[in-house]
Amino acid sequence: MLTRAGTLKGAKLRGLDGDMGSVRDFYFDDHHWTLRYLVADTGHWLRERQVLIAPYALTAVAGDPHHIAVELTKQQIEDSPSLESDKPVSKQFEKAYYGYFEWPSYWGGAERWGYYPHIEHDRDQWKKGEAGDDHWNPHLRSTNDVSGYRIRAGADDIGHVDDFIIEDETWAIRYLVVDTGPWWSGKKVLVSPRWIDRISWSESTVYVELSPETVKGSPEYSDASLVTRDYEARLHRHYERPGYWDDEAGAGIPR
C-alpha cells in the first residue's frame, strides 16, 4: 500500500504492552531511498533520548486516523542502545542497535534490505554471518528536514518537496510530492527518486532529470486521492520511464 509520510506523522504507536507514543519523523537513506527508522515522540517517557524504531518491528499500519502496531515492549526499547536527542545516527549506533534486536543489517548487501529486496521476517531464512559486512555506508536524512527542499528541472525552479509517498511492504520512498507553488498555480505532481540526477544538501536543492515542460504536463496529484497502480502506470507512461513494479516483479515482493 502506498501512503503519504505526512499522514503517518502523529500516528499512535501501539506496542505489545501498550501505547508508546506517536510518530514524529522518519529517517531515510539517500542510496536506496528507503525509510530506516521512525522517530517516536514518547512524551515524558524517555524524553532525554531519540527513540528510533526500525521497520523490522512494524507489523501493521491501519485505521483512520492511522495507528502503527509495533512488535516490541517498552522495556525492550528502554534497554536498547541509546541515542542522545538530536544527535546524528552513526554507523556505530546502528550496528549496536541491530545487534541488540538481532535483526539482519540492511547495509550488509546490495539489496534494499541488505540481502533481501524486502523485510524478511522469517528468521529461518536469514543468512548467517552477515553482521560484519559493510556493503555501503548509509547517510540518513530526516523527512522533516528535506521537506521544503527546492526542486530544479534544468535551469528552472519548479517547486519544492512537500511530502513523500512510501510503500509499507518495503518501506521504500516511491515518490516525492512536489508542490509547484507559484510556478504552476500550486499544482502537485509526483517525481520518483529514480528520476533524480543529484541532490545538493548544502543548497537544499533536488535536481531532477526532467524538463520543466514535461513536469508541467504530468498527471496532477491530489492529497485526497489514493495513488493507484493505474495512476502510477499513467505517470510512468508520461515520463517514458519503466515502472519499479516491473523491475521488482521477480524479487518476491507482492504487487
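# Close-up views of a predicted model

**View 1. A salt bridge links Asp-30 and Arg-141.** The side chains of Asp-30 and Arg-141 meet in a salt bridge, with 3.3 Å from N to O. Asp-30 sits in the loop between E3 and strand E4 (35-41), while Arg-141 belongs to strand E9 (residues 140-142), so this pair ties together parts that are 111 residues apart in sequence. Asp-30 counts as partly exposed, at 23% relative accessibility. Arg-141 is also partly exposed, at 24%. Please keep in mind, here and in every view below, that this is a predicted model.

**View 2. Asp-25 is a buried acidic residue without a salt bridge.** Let us move to strand E3 (residues 18-29), where Asp-25 has its place. Which side chain of opposite charge is nearest to Asp-25? That side chain is Lys-9, 4.5 Å away, and Asp-25 is buried yet has no salt bridge. The cut-off explains this: a salt bridge needs a side-chain nitrogen of Lys or Arg within 4 Å of a carboxyl oxygen of Asp or Glu. Asp-25 does have a polar contact, which joins its side chain to that of Thr-143 at 2.9 Å. Leaving out residues up to four places away in sequence, Asp-25 touches Tyr-37, Leu-38, Val-39, Ser-142, Thr-143 and Asn-144.

**View 3. Trp-33 has a positive phi.** This residue is found in the loop between E3 and E4. Although Trp-33 is not a glycine, its phi is positive, at about 55°. Is Trp-33 buried or exposed? Trp-33 is buried, with a relative accessible area of 8%.

**View 4. Strands E11 and E12 form a hairpin.** Four residues lie between E11 and E12 in this hairpin. Strand E11 (residues 156-167) pairs with E12 in the antiparallel sense, over seven bridges. To find one matched pair, look for Ile-166, whose bridge partner in E12 is Ile-173. Trp-171 lies in the loop between the two strands, and its phi is near 60°, a positive value in a residue other than glycine. Trp-171 is buried too, with a relative accessible area of 5%.

**View 5. Glu-167 and Arg-174 form a buried salt bridge.** How far apart are N and O in the salt bridge between the side chains of Glu-167 and Arg-174? The distance is 2.6 Å. Glu-167 counts as buried at 5% relative accessibility, and Arg-174 is buried with a relative accessible area of 5%. Elsewhere, salt bridges that share partners join Arg-4, Asp-162, Asp-163, Lys-188 and Asp-223 into one network. A search of the whole structure finds ten salt bridges. One of them joins the side chains of Arg-150 and Asp-157, at 3.2 Å from N to O. In that pair, Arg-150 is partly exposed, with a relative accessible area of 35%, and Asp-157 is partly exposed with 33%.

**View 6. Strands E12 and E13 run side by side.** E12 (residues 172-179) and E13 run antiparallel and are joined by four bridges. Val-178 has Val-189 in E13 as its bridge partner, and Asp-179 stands opposite Lys-188. Eight of the eight residues of E12 are buried, so this strand is largely enclosed by the rest of the structure. Both faces of E13 (residues 188-191) are covered as well. On one side of E13 are Lys-188 and Leu-190, on the other Val-189 and Val-191, and all are buried.

**View 7. Trp-103 belongs to the largest nonpolar core.** How many residues does the largest nonpolar core have? This core has 77 residues. Those with the most contacts inside it are Leu-13, Tyr-37, Leu-38, Tyr-98, Trp-103, Tyr-175 and Leu-190. Leaving aside neighbours within four places in sequence, Trp-103 is in contact with Ala-54, Tyr-56, Ala-57, Leu-72, Tyr-97, Tyr-98 and Trp-126. Two residues met in earlier views, Tyr-37 and Leu-38, are also touched by Asp-25.

**View 8. Gln-75 lies in helix H2.** This helix covers residues 74-79. Gln-75 is partly exposed, with a relative accessible area of 46%. The C-alpha atoms of Gln-75 and Asp-17 are separated by 9.2 Å, and these residues are 58 apart along the chain.

Terms used:
Residues numbered from 1 in each chain as written. Predicted model: local features only at pLDDT ≥ 70, side-chain atom pairs only at ≥ 80, totals over all residues. Heavy atoms only, no water. Core = buried A, V, L, I, M, F, W, Y, C linked by side-chain atoms within 4.5 Å. Buried < 20%, exposed > 50% of the residue type's maximum accessible area, 1.4 Å probe, protein only. Contact = heavy atoms within 4.5 Å. Pairing = 2+ DSSP bridges. Lys, Arg positive; Asp, Glu negative; His and termini not counted. Polar contact = N/O pair within 3.5 Å; in protein donor to acceptor, adjacent residues only side chain to side chain.
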